[in-house]
Amino acid sequence: SNNDMLRGGKLKPDYYDSWANYYVKFIQAYEKEGVPVWGISIQNEPMATQKWESCIYTAEEERDFLKNHLGPVMHKSGFKDKKIIVWDHNRDLMYQRAQTYFKDPEAAKYIWGIGFHWYEDWSGGTPMYDNIRRVQEAFPDKNIFFTEGCAESFDSTRYNAWVLGEEYGRSMINDFNNGMTGFTDWNIILDETGGPNHVQNFCFAPVHGDTRTGSLIYTNAYYYIGHFSKFIQPGAKRIISAASRSQLLTTAFKNPDGTTVVIVMNQSNKPTEYYLWVNGKAAKTMALPHSINTLVY
């Protein structure tokens, strides 16, 4: 509506069908080159007017575009198996948006799940983990998927900042415990500038590649993510894990092969002894200050 791919604007209704067909052509082009497409998101951050590519949808507009255009076109084109994710924005408004999408059966039938980001603290508040639980309790048949997160404001002098990994650990534990199905980081690797980025939105990634020297720099976010990704298998089921000390965060999963994974993160400056207690049997261990541990049995 603003004759610009950047800085917000809306999709004109006359072009809803054309835009829906573009998703199909996108998938076909990628798969022709041997790149399978697992799923799509309708729009990245549909409530944000950005200096980069953006398009604004109200909840009702996104619902109706899916219900009357994108969903039918995807099914007609043989892409019924592709996952469709709605919202794809922050935790703050996700419950309200979920109500609009999922209470309409003609829209909900096309939706695999709702995506979310972790940037709601832009307003000066704190992460709103409880909204994940509210969506899961209200719509337990829908998946809740983390689609983007990064540490912003890149500064190469902070490669070793411990808070980078702790942001990932804190978010993943809280979100899994509240009903998140899976987690996707925004960037696997960026260069020594926090890019490349066509609008200078330079960020941290778990890994940075220095194009001047050819070296790789692993931030602690890489290792914090590994405490989940190396041990929790696809298809694992989350089970209850409760901490007896407030400085400890914990989540746990039962893997398809029968192993149990327990992740414990110590947010404090204090070394904290604790027991891994299972059905009356306990093993004593220690969580060092600002550490994350994975126990497998």
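Trainee: In which helix of this predicted model does valine 163 lie, and is valine 163 buried, partly exposed or exposed?
Mentor: In this predicted model, valine 163 belongs to the helix that covers residues 163–178, namely H6. Its relative accessible area is 46%, and because buried means under 20% and exposed over 50%, valine 163 counts as partly exposed.

Trainee: How far apart are the C-alpha atoms of valine 163 and alanine 108?
Mentor: Along the chain, valine 163 and alanine 108 are 55 residues apart. In space, the separation of their C-alpha atoms is 38 Å.

Trainee: How many helices and strands does the protein chain have, and which radius of gyration goes with them?
Mentor: The secondary structure of the protein chain comes to seven helices and 14 strands. For 297 residues the globule rule gives 19 Å, and the radius of gyration is close to that, so the chain is as compact as a globular protein of that length. The C-alpha trace spans about 65 × 50 × 40 Å along its principal axes, and the radius of gyration asked for is 21 Å.

Trainee: What percentage of the residues in the protein chain is buried?
Mentor: A residue is counted as buried when its relative accessible area is under 20%. Of the 297 residues in the protein chain, the buried ones make up 48%.

Trainee: Which strands are the edge strands of the open sheet that five strands form?
Mentor: The five strands of this open sheet follow the order S1-S2-S3-S4-S5, with parallel pairing. An edge strand here pairs on one side only, and this applies to strand S1 (39–41) and strand S5 (182–183).

Trainee: Which residue in S5 is the bridge partner of phenylalanine 146?
Mentor: Strand S4 (residues 143–148) and S5 run parallel and are joined by two bridges. Within S5, the partner of phenylalanine 146 is phenylalanine 183.

Trainee: How do strand S12 and strand S13 run, parallel or antiparallel, and which residue in the turn has a positive phi?
Mentor: Strand S12 (residues 272–278) and strand S13 (residues 281–287) run antiparallel, joined by seven bridges. In S13, methionine 286 is the bridge partner of glutamate 273. The two strands form a hairpin with two residues between them, and the turn residue with a positive phi, of about 50°, is asparagine 279.

Trainee: Where is glycine 214 placed, and is glycine 214 buried or exposed?
Mentor: Glycine 214 sits in the loop between strand S7 (207–209) and strand S8 (216–218). Its C-alpha atom is separated by 15 Å from that of glycine 195, which is 19 residues apart along the chain. With a relative accessible area of 64%, and because over 50% means exposed, glycine 214 is exposed.

Trainee: Which side chain meets arginine 91 in a salt bridge, and are the two residues buried or exposed?
Mentor: The pair links distant parts of the chain, with arginine 91 in the loop between strand S2 (83–90) and helix H3 (94–102), and its partner 29 residues apart in the loop between strand S3 (113–117) and helix H5 (130–138). Relative accessibility is 0% for arginine 91 and 2% for glutamate 120, so both fall under the 20% cut-off and count as buried. The N to O distance is 2.7 Å, and the side chain that meets arginine 91 is that of glutamate 120.

Trainee: Which side chains meet that of arginine 133 in salt bridges?
Mentor: Arginine 133, partly exposed at a relative accessible area of 30%, lies in helix H5 together with aspartate 130, three residues apart, about one turn of the helix. Glutamate 137 is four residues apart from arginine 133 in helix H5, which again means a separation of about one helical turn. Aspartate 130 is partly exposed at 38%, whereas glutamate 137 is exposed at 52%. The salt bridges, at 3.5 Å and 3.7 Å from N to O, are with aspartate 130 and glutamate 137.

Trainee: How many cavities of 30 Å³ or more does the structure hold, and what is the volume of the largest?
Mentor: The structure holds one such cavity. Among the residues that line the largest cavity are Leu164, Tyr168, Phe204 and Thr219. By class, the lining has seven nonpolar, one polar and no charged residues, and the volume of the largest cavity is about 40 Å³.

How values were computed: Residues are numbered from 1 along each chain as its sequence is written. This is a predicted model: local features need pLDDT of at least 70, side-chain atom pairs count only at pLDDT 80 or more; totals for chains, interfaces and linings use all residues. Side-chain values use heavy atoms; hydrogens and water are left out. On a 1 Å grid over the protein atoms alone, a cavity is a set of points where a 1.4 Å probe fits but cannot get out, and a pocket is an open set with protein on both sides within 12 Å along at least five of seven lines; lining residues have an atom within 4 Å of a point. Grid points are joined across faces, edges and corners, and a volume is the space filled by probe spheres set on the points. Ala, Val, Leu, Ile, Met, Phe, Trp, Tyr, Cys and Pro count as nonpolar, Asp, Glu, Lys and Arg as charged, and the others, Gly among them, as polar. Two strands pair if DSSP finds at least two bridges between them. Buried means under 20% relative accessible area, exposed over 50%, partly exposed in between (1.4 Å probe, protein chains only). A salt bridge is a side-chain nitrogen of Lys or Arg within 4 Å of a carboxyl oxygen of Asp or Glu. The radius of gyration is taken over C-alpha atoms; the globule rule is 2.2 Å times the number of residues to the power 0.38.
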